[in-house]
Amino acid sequence: MALKNTVRAIIGLALAAMGTGATLAYFEESIPMSLNPLYAKTMADYRAQELIFDRLFYVDAVTNELRSRVVSKYELADFGRAMAVTLKTGIRWHNGQALTSKDVCFTVKAMLDDRTPSPVAAHYREFIAACDTKGPQVAVIRFNRVLPNPRERLSFTILPASEFKSTAISPDLQFSARPIGTGPFSGKRGLRDVNFDAFANGHHTPKVVQMQLQEGGDPLVQTKTLINNNVQGIIVVPPPQRPDLSASDDVAMKAYDLRSWWYVAVNPNKPALTDVRVRQALNVVLNRNELRKYSIGVKPGEKNSPCEFISGPFISASPYYNSEVPVQPNSNLGKADSLLKAAGLAKAGGAWQLDGSKVTLKVGMLASLDREAPDLLSQVGNQLGAAGFDRLTLKISADEWDNTVMAGNSDFDLIIGKWSFGLVEEVNELFHSMGRQNMFRFKSDGVDKVLAEYNDAVTDTEQRDAYHKLHKLLSVELPYLFLWKLDTRSAWRTEVRGNIVAPYYYFTEIDSWSIEN
Amino acid sequence: MRLRERNYGVLSFMSRWPTIFAFAAVLGGCTSQPESGGEAASVVLVQAVPGELLKSAWPARMAHDDQRSRFESQDGWRHMFEYDLSQALGVFSVEADPQGLSRVHEQLSALYTQGALLAANATVGAYGVGALETDPDDLAYLLGVSEVIRGNREAALKYFEEVSKLPMTFQPQAKAWHRALSEPGLPSLEVLSAISGSLGEVIPGQDPAVSPVPHFKLLEKSEKARLMGANDPTALLTRAAWHQAAAVQVAPESDREALGQFQLRYGLDRSRSSEMHGAVALDDAWLFCSSNLAASDAAFVAEAMTQGIAAVSKWADKSVLAAAVSPAIQDGKVDPQVVMDAGFGLQKQIQRVMADIAGAEAGFHRPFAQRARIAVLQAGMIVADANDQYRDAGILRLNALERMETVGIEPVFALSVAAWDAGNRSPLRPEEILHQFRSTYPALSAAKAPLDALHLRRSRNAGPANAVH
Amino acid sequence: MKRWWIRPLVRLIAALVLPVMVPAVITGFIWSLPGDPASLICPPNVCGGTEALAERWNLDGGPVQFFVGWVGDAVHLEFGNSWRLHQGLPVLELLSGAIPTTLTLLGLATVVVMTGALLAAKGWIPEKLDTVIRFVGLVPALVLALVGAAFIELTYGFDSFSGSGQWARLAVGSAVLGLADGAFTGAVMGTRATFQAEFLQRYVGIATLRGERRMENTLPNVAPALIGQMRARIIHLLSGAVVVEVVLRIDGIGDLLWGGTLRQDFGVVLAAATIFGALSSVLLIGQAVLETMVALHVRRAPSGVRVGEAS
């Protein structure tokens, strides 16, 4: 059987190589932190994992149709409290074994296992109760309540039972670097890159033989490398580089539907920032027009700008965005002064002091964001300095971000960051006092109450109204100073054909990608 | 194996130490290269359409200074070039350019037609497919109107009958629609105005005032009994009909037939598309910056909308677009990748022709030629749609929208993409598109409420997701 | 000096203690940090419950249990997987890739330094070049490494981590390491000064009058000093290698140590630091052996030499 699979894989690869075979090299925002789907934390993680694994159900990137590459049949059971999925036959894991219902149920059980410390799994525990197998092809996934359209929720990635000793899956298993999936590519993480090799399978026929992911460095170097055909794609092209790439007939810019907004999170636990008036003062200290101009390259009033100011935790096009809350495009230092004085701060020698000590703001920014918005950190620092704040600016590594900042253990006063969303734009975890992503443990009874309203909402109007209220409340309490939404654009060489970019997951339609010889 | 020749990095090996020290200067210099810097040796140039035919395309003809100067000298055409219909309307009404003015009204009519389709698709997606027990009963009327717009007259009639059985707000409108559906085609401006309110006398050069949204507030059948904002898509149809009337009113008598052909591209009434169309002699005012590269393209597109690949073979020797698309017809199917290649080939071919005519390359050649490329993608999309290749048409549709980012987004086409997306129950891209154009064309706000509802309902049922950095 | 063996013996003892002491100190450091180690590696609100992780990583029984367990596993070359730096990759695999890289880097840099020392000893580097050599020595490794990194990135682009790009990184890295921070300058000046001081000795003058070569006479006497200098220079190169590997993104032990420390990947840090300790031990042992050989050589009665009778 193993020999048969090997032969099949070799033939598949050979055919692909004869057809269009070539290596597709691309620059990512960062090296994926983990290739284990249970531990995806960054968009780079999600994108890389999409190449290696199959999700139970996925959405067609063109027609938005809900489909599955692994399920041949599904039906509701137990009066809507369960769904029986019948798997297609002939699907092989990258280790040669067959995909069975045991794998589906193993994945569900691993997600339900408390010893699997996965934030991704935590969400599924909210509505999945159990999974039973009925023969090798049928898995019955049980829910804790009746769900409308349960298929839409079952977008989890299937893991191979044979690769794990138990359902307790820890992040440091070798699987995180050398995963086994049923996706179109087998992946292997190196120290500086990730290599993906096409894997011919019953349900995938990748035309690209090999893909190579590398962390992009300086955006200018990335751009020139792409134009010189030393690399075939860049996942995230910062706005200043876009005109150069658009001017080239050898490169095509691709829209990537990702809802991203930028913010400066304020640490309300720091003595100087506890008073809401200080946070409000900081909000009017920032001159967003200047920040945008110098870091993104967008001038005030520019039409069809990729970067639009926001006043709350949603992009302006979102139904949750409360357009009654105005944005703050320019600074108002006079207002800032009076707010700070009202909060008990005093200005001595041009510097703000609290209880006789100079206020020093430690400002951090996720290091990788510096490529997308160059110099934003120093520009924010400069504006704070000009307003009379002593400041210390530091870049934060992705790992420190996850394990210190997101753990609520950082001692920063201000943190510049970006959040990205897909269809679901829920922000409860960011602002609820017990939220998993509440980086400074911001606590507000008012906010918690509104978030409870959101959770209890029966109709979408109630839900939207709750978030409109939240938006308004946050614009007063200001745990974040909201900056802007920024469109995401990729660039690929024109030799790369059929490159449909899926919203959020990016490589969902990778089977259609090819390279012109 | 890698692609073609590999040029190592930006600099060649080892001999460039001094360049490192001048790093910023070198790269800074590169960014200010003249446009079309990527005219690389690697580009494979193909002759997409016969040379003689190509010369009839407006980008090629605009390479002649004398033919172009007419458009360069008027602000109205500058706004048309930038796809700013709102500004162009104001300027053309002052400059007394009947053809320009008629074309703007025709475009605005198409814009609001697509806005209505967007609202209709979102309404059905949210309140029809995604109906909840708490939805107000009055939504049946909005669903009925939406089904009319989507061309499902029988479904619409059922909804209108449902409305008439219940003591609800929309009985008069539902009855009016019911009556109107006894006639083929969409109702006239008068009928529509009677349903959604009059927009006033049709005066070319004007844009009627927009009534505030939401048009209605409906009570939800939930414990909290919240008021749900709802808008009648009829209002958008009425506005479209108003602009259509204005376009006809101001268009010279000789151009009326052509105007009829243009309206088919984004129109809802497909019955006329199945007719045979003849090429109409056209002034450049109808073609400049449009997706019809030559006069015969309008007729080809009108036929292709229902006849698909049959229209391609029929028009291949007369229409630039048909000629460009024809290599993509393989085994009775449209190959989207070949359409894309043909579009790129046509762009390069036009650029060469323009350079030949002008004696040298000029800055405007590439953006003009890129519009021709987009026109090919749109033509391929129309043919694929008519050929029941829904997904392939979608690929071309999205590709055309992407290519527009370089030359400016055409609002009518963007709205049509939004409407198509909403028809697929995909709310994100339509939201972005609507947000982009809502401030310039405030009447489009009528589509926002159902689109929001579609997003919220899809989101509530979607798989779990975290905010990700 | 009769007790010539004391110094090599001390070096030998230090060499044996170092590889055990380094992980012991790091283990102590881990437990001295506020909070329990498992939570440091994966905070509870990120990972949920960390008890299972603590048990899996042997962090639940205190520092002694952890240290003993780690040493026991290390003896069997079992270092576990990287917890954070390269999540999931076996540390042994990381080390087996990194050790040859670092040794190659150090080896190439040592060649640069040794060449300088050799040329200086031979007097083939004219003293009028001293100003230039001193100037080169003033450039910090960090600055030179940054310039080298820019060069590599610009020249190799996407290929800078594979094949020729990797070798270019090593070549540039070793050049930086060998030249910056006074490594080459020190080797040239130090060796020349040592020899020049020795040449002033009377026995050298007599040997010259007898027609013997100066080098042959002086080398055994300056060898202990030169060996000491060279060990210090290699240690200097070893510490400089961390900076060079990090800036030039060379996948060596220094880079692992730096990355592991930054990301609190203690499994990687323990192993990488121990390897660094072991490398220092090897150098100490080498120095001890050479010192012993020189001591034995100078104490050995030269053959063919007889004490002449007083006339």
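**Chain organisation, interfaces and core of the predicted model**

Of the 311 residues in chain C, 41% are buried. The structure described here is a predicted model. Chain C contains 14 helices and zero strands, so that its sequence reads as the succession α-α-α-α-α-α-α-α-α-α-α-α-α-α. The C-alpha trace of this chain extends over about 95 × 50 × 30 Å along its principal axes. Among contacts in chain C with a separation of 6 or more, 70% link residues 24 or more positions apart.

Chain C is in contact with chain A through 30 of its own residues, which meet 36 residues of chain A. On the chain A side, two or more residues are given by each of the helices α4 (119–125), α6 (219–227) and α13 (398–405) of chain A. Helix α13(A) provides the largest share, with three residues. By residue class, this side of chain A comprises 15 nonpolar, twelve polar and nine charged residues.

Chain A also touches chain B, where 72 residues of chain A are in contact with 63 residues of chain B. The elements of chain B that give two or more residues to this side are α2, α20 (390–407), α22 (428–438) and α23 (448–461). The largest share, nine residues, belongs to α23(B). The chain B side divides into 21 nonpolar, 22 polar and 20 charged residues.

The confidence of the prediction varies along chain B. The mean pLDDT of chain B is 86, and 87% of its residues reach 70 or more. Helix α21 (residues 411–423) of chain B has the highest confidence, at 98, whereas helix α2 (residues 23–31) of chain B has the lowest, at a mean of 31. The pLDDT is below 50 over residues 1–45 of chain B, a stretch that nevertheless has 69 contacts in the model beyond near neighbours in sequence. Where pLDDT is low, predicted coordinates should not be read in detail. This caution bears on the interface with chain A, since α2 of chain B is among the elements that give two or more residues to it.

Within chain A, four strands form an open sheet in the order β4-β5-β7-β6, with antiparallel pairing. Strands β4 (71–77) and β6 (128–134) of chain A lie at the edges, each pairing on one side only. From one strand to the next, the twist averages 20°. The antiparallel pairing of β6(A) with strand β7 (residues 138–143) of chain A runs over six bridges, and Ala130(A) has Arg142(A) in β7(A) as its bridge partner. Helix α3 (residues 101–112) of chain A packs on the sheet, where it touches β5 (82–87), β6 and β7 of chain A. The direction of helix α3 of chain A makes about 160° with that of β6(A).

The largest nonpolar core holds 380 residues, of which Val264(A), Leu321(B), Val325(B) and Val376(B) touch the most other members. Helix α8 (residues 98–129) of chain B supplies the largest share of this core, 15 residues. Outside its neighbours within four places in sequence, Val376(B) is in contact with Leu321(B), Ala324(B), Val325(B), Val339(B), Ala342(B), Gly343(B) and Leu346(B). Two of these partners, Leu321(B) and Val325(B), are themselves among the core residues that touch the most other members.

Note on methods: Residues are numbered from 1 along each chain as its sequence is written. Chains are lettered from A and ligands numbered from 1 in the order in which they are written. This is a predicted model: local features need pLDDT of at least 70, side-chain atom pairs count only at pLDDT 80 or more; totals for chains, interfaces and linings use all residues. Two residues are in contact if their C-beta atoms, placed from the backbone, lie within 7 Å. Ala, Val, Leu, Ile, Met, Phe, Trp, Tyr, Cys and Pro count as nonpolar, Asp, Glu, Lys and Arg as charged, and the others, Gly among them, as polar. A residue is buried if 20 or more other C-beta atoms lie within 10 Å of its own, exposed if 12 or fewer, and partly exposed in between; C-beta atoms are placed from the backbone. pLDDT is the predictor's confidence in each residue, from 0 to 100. Two strands pair if DSSP finds at least two bridges between them. Axes are lines fitted to C-alpha atoms, for helices over the stretch in contact, and angles run from 0 to 180 degrees between N-to-C directions. A nonpolar core is a set of buried Ala, Val, Leu, Ile, Met, Phe, Trp, Tyr and Cys residues joined through C-beta atoms within 7 Å.
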